[in-house]
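The following exercises concern a pocket and a sheet in a predicted model. Each task is followed by a worked solution.

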Amino acid sequence: MLTWINEKAKWVIVIFAAGIAVGLLAMDRVPNQTQSYPVGVINDKKVYYTEFDSRIKMVVQNQYQGQHLEDEQYNQLRTEVFRSFVRQTLLGEMYDNAELKASVAELKAEFKNNPDAVRARLVQEAQQRLYMIQRQATSQEELQQRTQTYIASLPKFLVDTTFNRAEFEAWLETPAAFQWGVMLQYEDDLKNSIIPSRQLQVLVGASVHPTTLESSWNVDRRMTDYELQVAVASKGDFAVDESTIDSATIKGYFNAHKDSFFVAEDLVKLQYAVIPVVATAGDEAKIKEYAMTIYYQLADTSSATNFEDMARISSEDPGSAEKGGLLSEDYIARSAYVKEFSDAAWALDSGAISEPVRSQFGYHIIKSFGKKTDESGVEMVKVAHILLSVNASSETIDSLEKILTGIKSDTDAGKEFVTAAKARNLEVKTSEWIGRNGAIDELGYLKGLSSYCFPNENLREEYGDVSPVLKNNKYVVIANKVASINAGDRNLDLHYNAIKGSLLDAKSEKAAEAYLSSVSGKVKAWAPAKTDSTGAVDSASVSPEIEKVSISVQNASVDGYVPGFGYSNPELAKVIKNQKEGEWGPVLITSQGAVMLKVVSKKSADDEAVQKAVSEDKANANRFTAMSLFNDFVTNIEKATPVVNNLDLFYKD
């Protein structure tokens with residue numbers, strides 16, 4: 001039977017792959033639930049499945065070009081595409097409300113000023129047309145004639161090796177320019193999206209008017225260098241016993257600052273039982289038997305099957321399979337491969353094929369293309385392989401799923417989830433809080449988890465309290481929802497550990513402040529060591545060390561790094577502004593502990609450099625601040641818009 005499969009492998013795999021594709025679609029789609037529901041509703045505008053699915057396919061085709069996407073990647077892609085529909089709809093409404101339209105002059109300027117974008121689109125359409133000619137031609141002569149005729153009809157600027165801008169601009173004025181589908185599409189994008197978006201950005205950023213005074217202040221702050229002496233008592237040296245912060249203190253802090261603990265999205269917490277998916281001895285034996293079958297067929301001189309074809313069909317190493325199993329065009333040193341593989345490869349004569357060799361990656365059937373010695377005397381080899389990974393079989397996975405299904409059955413019948421799991425010697429763990437499209441940290445993405453945690457209100461209740469069996473390549477899992485938080489809530493449990501950590505940090509910082517205050521006299525007496533003309537340190541000038549305090553000399557701007565403050569700390573700017581040169585300042589609490597600072601001297605940049613920097617700062621503020629404002633504006637509009645997301649009706653994620 002296995003021999004027959006190998007001989008017919010190409011057709012078997014094609015049919016099998018088609019069956020898998022149909023099966024996956026059947027599993028993804030929820031039958032009879034999607035007929036009356038759109039994929040999404042944005043401000044009463046409906047997004048239908050056909051339109052949504054069409055964009056998904058277009059993105060897959062253009063960006064991934066035949067690459068295999070895992071379930072998690074598809075889930076992320078669907079989420080991103082859904083968001084693109086939301087943004088497109090909201091922006092379209094804003095364009096209409098503000099009467100933003102592309103003028104003829106703007107369209108012409110856009111085409112004229114972006115020849116590379118136009119040419120790229122034209123080349124893509126021309127290549128598609130040449131491909132169609134190739135498919136339709138009935139003979140080599142017809143193919144050559146039609147190809148030459150088509151190329152001769154193309155605009156000259158498109159086929160010449162040197163781009164002629166004058167010819168390009170003249171062509172834009174002819175009716176022929178807009179007989180190209182890509183030109184019509186580009187014009188449509190410019191009219192409905194690109195130019196109105198730019199106009200909206202101008203409107204949103206109209207309030208951005210950076211002045212020379214503001215830019216001068218920014219530049220002076222950034223370009224003035226200070227010589228500082230810095231003494232730091234790190235809060236890490238003043239750890240506080242966790243028992244000093246009790247639950248009543250944490251609750252009191254939470255109640256006093258509730259609005260600081262706003263929950264932005266729906267969250268759930270789960271109990272779950274997990275079983276690793278590991279191949280059994282029986283699975284290993286079957287893979288080895290299959291590997292031997294392939295080897296015997298390749299070793300059979302009467303067989304029509306060759307190594308390269310078999311590698312393309314059977315190997316589970318995607319990088320080499322498409323190259324007939326070849327691992328490299330060059331000869332490779334022994335150290336590049338794991339020991340089991342290299343031992344077998346170096347034992348082969350040129351053209352010979354090995355029996356299956358087991359490594360950490362699975363079973364390898366290796367073909368040698370010969371050995372040679374490089375200039376340094378190192379022996380190198382050129383090889384190909386067929387890799388058969390040792391994975392758990394469907395029977396093994398089914399048996400694991402059966403264990404977890406038993407837990408679900410017991411729980412549905414009234415048993416406690418933990419009791420049902422322990423009866424099967426499985427530990428029950430508790431997850432952290434999980435958001436929509438989130439994951440259990442230790443397990444990674446699990447298809448169907450989000451649908452279980454956040455079921456669509458239009459979807460019939462099909463799970464009960466306990467999830468169905470969830471799985472990925474490494475685990476099978478069953479989960480039980482034990483707590484939930486709605487977006488907009490203020491929740492202590494969610495923030496409990498963060499509040500506790502913050503309060504402990506505050507105590508450590510206060511302890512560091514008290515200690516540094518107690519040794520401030522020693523800090524003020526400290527001086528950097530002196531050096532002689534050779535750079536040697538004068539040992540007599542070295543100040544004694546102060547326990548738990550590090551003192552250093554730093555040269556930095558306000559936006560630079562200073563110990564105890566970190567990078568661009570606003571508190572540092574206030575300290576330097578208000579402190580006299582040559583004097584130690586008071587003890588300050590920072591997020592890193594406690595700090596004392598002495599401004600030894602400051603050096604301003606020369607006038608020419610300052611003026612140049614001011615000019616650049618104003619230009620950057622105009623450009624980047626306006627763009628940042630626009631992005632924030634669109635993001636906030638998204639957050640404020642009621643959006644119905646019905647992806648769960650169509651996909652099990």
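**Exercise 1.** Determine the volume of the second largest pocket and describe its lining by residue, by element and by class.

*Solution.*
1. The space in the second largest pocket amounts to about 1,200 Å³.
2. Its lining consists of 31 residues; Phe-82, Arg-436, Asn-437, Val-643 and Asn-645 are those nearest the centre of the pocket.
3. At least two lining residues come from each of helix H4 (71-97), helix H23 (607-640), strand S18 (643-645) and helix H24 (647-650).
4. H4 provides the largest share of this lining, with six residues.
5. Sorted by class, the lining comprises 11 nonpolar, 10 polar and 10 charged residues.

**Exercise 2.** In what order do the four strands of the open sheet lie, and which of the strands are at its edges?

*Solution.*
1. The strand order is S5-S8-S7-S6, with antiparallel pairing.
2. Strand S5 (332-333) and strand S6 (357-359) each pair on one side only and are the edge strands.
3. S5 is joined to strand S8 (residues 379-388) by two bridges, and these strands run antiparallel.
4. Within S8, Val-381 is the residue opposite Ile-332.

**Exercise 3.** Identify which strands helix H13 touches and which strands helix H14 lies across, and give the angles.

*Solution.*
1. Helix H13 (residues 281-299) packs on the sheet and touches S6, strand S7 (362-373) and S8.
2. The direction of H13 makes about 45 degrees with that of S7.
3. Helix H14 (residues 307-314) lies across S7 and S8, at about 50 degrees to S8.

Technical notes. Residues numbered from 1 in each chain as written. Predicted model: local features only at pLDDT ≥ 70, side-chain atom pairs only at ≥ 80, totals over all residues. Heavy atoms only, no water. Pairing = 2+ DSSP bridges. Contact = heavy atoms within 4.5 Å. Axes fitted to C-alpha atoms, helices over the stretch in contact; angles between N-to-C directions. 1 Å grid on protein atoms, 1.4 Å probe; cavity = no way out; pocket = protein on both sides within 12 Å on 5 of 7 lines; lining within 4 Å. Points joined across faces, edges and corners; volume = space filled by probe spheres on them. Nonpolar A, V, L, I, M, F, W, Y, C, P; charged D, E, K, R; others polar.
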